Amino acid sequence: MYKKQMSLQRIFCLLSLAASVVVFVYSLGIMTDLFDTLYSMIPDPDDLENTRVAGARIYYDMQGFNRGLLYCGIVLILLSCLLFLTNTHIRRRYYIGNYCAVGLNAVANVGVAVWAHIQIAAFKNQYLTTVDFAQLERRLGRLGTYTDSTFWFDIHYFVFALTLIATALLVVNVILKIRLMKEEAALLKNGKAVSA
């Protein structure tokens, strides 16, 4: 059982790292469609009320969130690397450092997922309710850059579901590890008692 569990814990740590990288890549891509369609609709970034298309200011409104999400992606990658620095992926017995690494990962992943979901849902609502898509299509339709897609808003469900699944697997791994360590300690204790 220990060999299977140790193989799984390596996979879970790699999945956690992969999920963190996906969050980072997502933070780089979330503004893609907004840049292509709305950036040119604001002639003066210092005057966000003067736009060529109503609601175009969302591109600038999201900049702070996007920067924060980028930093969160970097922090999640570093915390996932902490799993490897503490040998959580190969250690037979876990020590306080391993529990701390998993705990920090779990708290950060859940916190970022909840924060990002709340922000993205609010920005998606702003995008759908304030942008004048008919006017935007008239301006950009002939250039071929018009889109009213909410793909980059919607894909966050997949991105953060992956993060939460990786977190859940890390926590399940710790629970399984604790159980196995207790069983091993009981076997060793019974073995010593028989030999004495």
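Which residues touch the most other members in the largest nonpolar core? I started my notebook with that one. I am working from a predicted model, so every entry below is a reading of a prediction.

**Entry 1: the core**

I looked up the largest nonpolar core and found 32 residues in it. Leu-34, Leu-38, Met-62 and Phe-160 are the ones that touch the most other members. Next I asked which helices supply at least two residues each. My list reads helix 1 (2-29), helix 2, helix 3, helix 4, helix 5, helix 6 (133-140) and helix 8. Helix 5 gives the most to this core, and I noted seven residues from there.

**Entry 2: salt bridges, the overall count**

How many salt bridges does the structure hold? I got six. I followed up a few of the pairs in the next entries.

**Entry 3: Arg-57 and Glu-49**

I went to Arg-57 and found its side chain meeting that of Glu-49 in a salt bridge, 2.4 Å from N to O. Is Glu-49 buried or exposed? I have Glu-49 down as exposed, since its relative accessible area is 61% and the cut-off for exposed is over 50%. Arg-57 has 28% relative accessibility, so I wrote it down as partly exposed. I also saw that the pair does not stand alone: Glu-49, Arg-57 and Asp-61 are linked in a network of salt bridges.

**Entry 4: Arg-93 and Glu-184**

Here the closest N and O atoms of the salt bridge are 3.5 Å apart. What does this pair tie together? Arg-93 lies in the loop between helix 4 (63-85) and helix 5 (96-130), while Glu-184 lies in helix 8 (residues 156-195), so the bridge ties together parts that are 91 residues apart in sequence. I checked both ends for accessibility. Glu-184 comes out at 18%, so I called it buried, the limit for buried being under 20%. Arg-93 is partly exposed at 34%.

**Entry 5: Lys-124 and Asp-154**

I found the side chains of Lys-124 and Asp-154 meeting in a salt bridge, with 2.6 Å from N to O. This pair links distant parts of the chain, with Lys-124 in helix 5 and Asp-154 in helix 7 (residues 151-154), 30 residues apart. Both ends got the label partly exposed in my notes: Lys-124 has a relative accessible area of 24%, and Asp-154 has 29%.

**Entry 6: charge on the surface**

Which residues form a positive surface patch? I wrote down Arg-52, Arg-138, Arg-139 and Arg-142. I took a further look at Arg-52, which I found in the loop between helix 2 (32-38) and helix 3 (58-61). Its relative accessibility is 37%, so Arg-52 counts as partly exposed.

**Entry 7: a nonpolar patch**

I also looked for nonpolar side chains at the surface. Val-110, Val-114, Ile-118 and Leu-164 make a nonpolar surface patch of about 330 Å². Which helix gives the most to the patch? Helix 5 does, with three residues. I placed Leu-164 in helix 8. At 39% relative accessibility, Leu-164 counts as partly exposed. Helix 5 is thus on two of my lists, giving the most to the nonpolar patch and also the most to the core in Entry 1.

**Entry 8: a backbone oddity**

I flagged Asn-87 for its phi, which is positive at about 60 degrees although the residue is not a glycine. Where does Asn-87 lie? I found it in the loop between helix 4 and helix 5. Asn-87 is partly exposed, with a relative accessible area of 28%.

**Entry 9: two C-alpha distances**

For the first pair I took Asp-36 and Val-171, which are 135 residues apart along the chain. Their C-alpha atoms are separated by 40 Å. Asp-36 has its place in helix 2 and is partly exposed at 39%.

For the second pair I took Ile-77 and Asn-105, 28 residues apart along the chain, and got 9.5 Å between their C-alpha atoms. Ile-77 lies in helix 4. With 21% relative accessibility, Ile-77 counts as partly exposed, given that buried means under 20%.

Terms used
Residues are numbered from 1 along each chain as its sequence is written. This is a predicted model: local features need pLDDT of at least 70, side-chain atom pairs count only at pLDDT 80 or more; totals for chains, interfaces and linings use all residues. Side-chain values use heavy atoms; hydrogens and water are left out. A salt bridge is a side-chain nitrogen of Lys or Arg within 4 Å of a carboxyl oxygen of Asp or Glu. Buried means under 20% relative accessible area, exposed over 50%, partly exposed in between (1.4 Å probe, protein chains only). Helices (H or I, at least four residues) and strands (E, at least two) are DSSP runs, numbered from the N terminus. Patches are made of residues with over 30% relative accessible area and no salt bridge: like charges are joined within 9 Å, nonpolar side chains (Val, Leu, Ile, Met, Phe, Trp, Tyr) within 5 Å. Accessible areas come from the Shrake-Rupley method with a 1.4 Å probe; for residues, only the protein chains shown count as cover. Lys and Arg count as positive and Asp and Glu as negative; His and the chain ends are not counted. The place of a charge is taken as NZ of Lys, CZ of Arg, CG of Asp or CD of Glu. A nonpolar core is a set of buried Ala, Val, Leu, Ile, Met, Phe, Trp, Tyr and Cys residues joined through side-chain atoms within 4.5 Å.
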